[in-house]
Structures are given as structure tokens and as C-alpha cells.
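Hi everyone, thanks for coming. I'd like to walk you through one model today, so please have a look at the screen.

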Amino acid sequence: GVVLSTLGHRGGGTPALAANGDALDIPSKSLATKCVIVMLANLCFSFRGLHQKLFRSTPQGNASVVDDLNLQYRMQQIGVLMLIVPTFLGNTVL
């Protein structure tokens, strides 16, 4: 579904216009890049859900030990920590 949705939303709309009416040359990513980004985002979302389920099944993740709010907070912390390295690597100026 995600792949078909991504392939179906090709950027065939009207170009963006500047204040003076000229068309802006906005570089767009290729369709394959967009598809890969969407697929990776969905894969990460699925892994987060799987990790949350697996953590819930351990004695440390039992609902009597960790409530839903703290479990969500823990999952967000893990996600942010995993995002820091690619963010720094992708935004470094050489």
C-alpha cells in the first residue's frame, strides 16, 4: 500500500511561483528516493511497535511496573538516541 501510494503521488502538479510570478526551480528528490524514505520510515515504525511489544512481555516491562505513558516516553527516548548519529553525520559540514 505504501509503495503504491508513493508511486501514485508523483509531483505532477503546478510549479511553485515566486512573489514576482516566476516559476521557482525547486530541486525534487527522485521517485526512488521518496519511496525508500517512506519504506524506511514504515520499517522503523514497525520495529518500534515490535520492540514495545517485546519489552512489554519482559518482567521489567510489565504493566504494573511501567505504565503506558512511561513506556511511550521510553520508546521516544530510544528513537531520539538512534536519530542523533545519522542527523549529525548527515548535517556535518566538511
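I'll go from the overall fold to a few residues that I picked out. One thing to keep in mind from the start is that this is a predicted model.

Let's begin with the fold. The protein chain has 3 helices and 0 strands, and along the sequence that reads as α-α-α. How much of the chain is buried? Of the 94 residues, 7% are buried. The accessible surface of the protein chain comes to about 7,900 Å², and 67% of that is supplied by carbon and sulfur atoms. For those of you who like contact statistics, take the contacts between residues at least 6 apart in sequence: 37% of them join residues at least 24 apart.

Now to the surface. Which residues form a nonpolar patch there? They are Val36, Leu40, Leu43, Phe47, Leu50 and Leu54, and together they have about 570 Å² of accessible area. Let me pick Leu43 as an example. Leu43 sits in helix H2, which covers residues 31-56. With a relative accessible area of 42%, Leu43 is partly exposed; patch members need over 30%, so Leu43 clears that cut-off.

Next, the charged side chains. How many salt bridges does a search of the whole structure find? The search finds 1 salt bridge. The partners are Asp68 and Arg56, whose side chains meet at 2.6 Å, N to O. Asp68 belongs to helix H3 (residues 68-90) and Arg56 to helix H2, so this pair ties together parts that are 12 residues apart in sequence. As for solvent, Asp68 counts as exposed at 60% relative accessibility, while Arg56 counts as partly exposed at 22%.

Let's move to the loop between H2 and H3, where we find Gly61. Is Gly61 buried or exposed? At 0% relative accessibility, Gly61 counts as buried. And what is Gly61 in contact with, once we leave aside its neighbours within four places in sequence? The answer is Phe55, Arg56 and Val66. So Arg56, the salt-bridge partner of Asp68, turns up again among the contacts of Gly61. From Gly61 to Leu71 the C-alpha to C-alpha distance is 7.9 Å, with their positions 10 residues apart in sequence.

Phe55 brings me to the aromatic side. If you were hoping for ring pairs, I have to disappoint you, as the count comes to 0 aromatic pairs. What lies over the face of Phe55, then? That is Arg74, at 4.1 Å from the ring centre. Arg74 is in helix H3 and is partly exposed, with a relative accessible area of 35%. Arg74 and Gln52 are 22 residues apart in sequence, yet their C-alpha atoms are 9.3 Å apart in space.

Last stop, Met75, also a residue of helix H3. Met75 is buried, with a relative accessible area of 4%; under 20% is what it takes, so Met75 qualifies. Leaving aside neighbours within four places in sequence, Met75 is in contact with Arg48, His51 and Gln52. Met75 and Phe55 are 20 residues apart in sequence, and 10.0 Å separates their C-alpha atoms.

To close, here are two spots to look at again on the screen: the salt bridge of Asp68 and Arg56, and Arg74 over the face of Phe55. Thanks for listening!

How values were computed
Residues numbered from 1 in each chain as written. Predicted model: local features only at pLDDT ≥ 70, side-chain atom pairs only at ≥ 80, totals over all residues. Heavy atoms only, no water. Patch = residues over 30% accessible without salt bridge, like charges linked within 9 Å, V, L, I, M, F, W, Y side chains within 5 Å. Areas by Shrake-Rupley, 256 points an atom, 1.4 Å probe, with all protein chains shown as cover. Salt bridge = Lys/Arg side-chain N within 4 Å of Asp/Glu carboxyl O. Helix = DSSP H or I, 4+ residues; strand = E, 2+ residues; numbered from the N terminus. Buried < 20%, exposed > 50% of the residue type's maximum accessible area, 1.4 Å probe, protein only. Contact = heavy atoms within 4.5 Å. Phe/Tyr/Trp six-rings, centres within 6.5 Å; stacked < 30°, edge-to-face > 60°. Lys NZ or Arg CZ within 6 Å of the ring centre and 35° of its normal.
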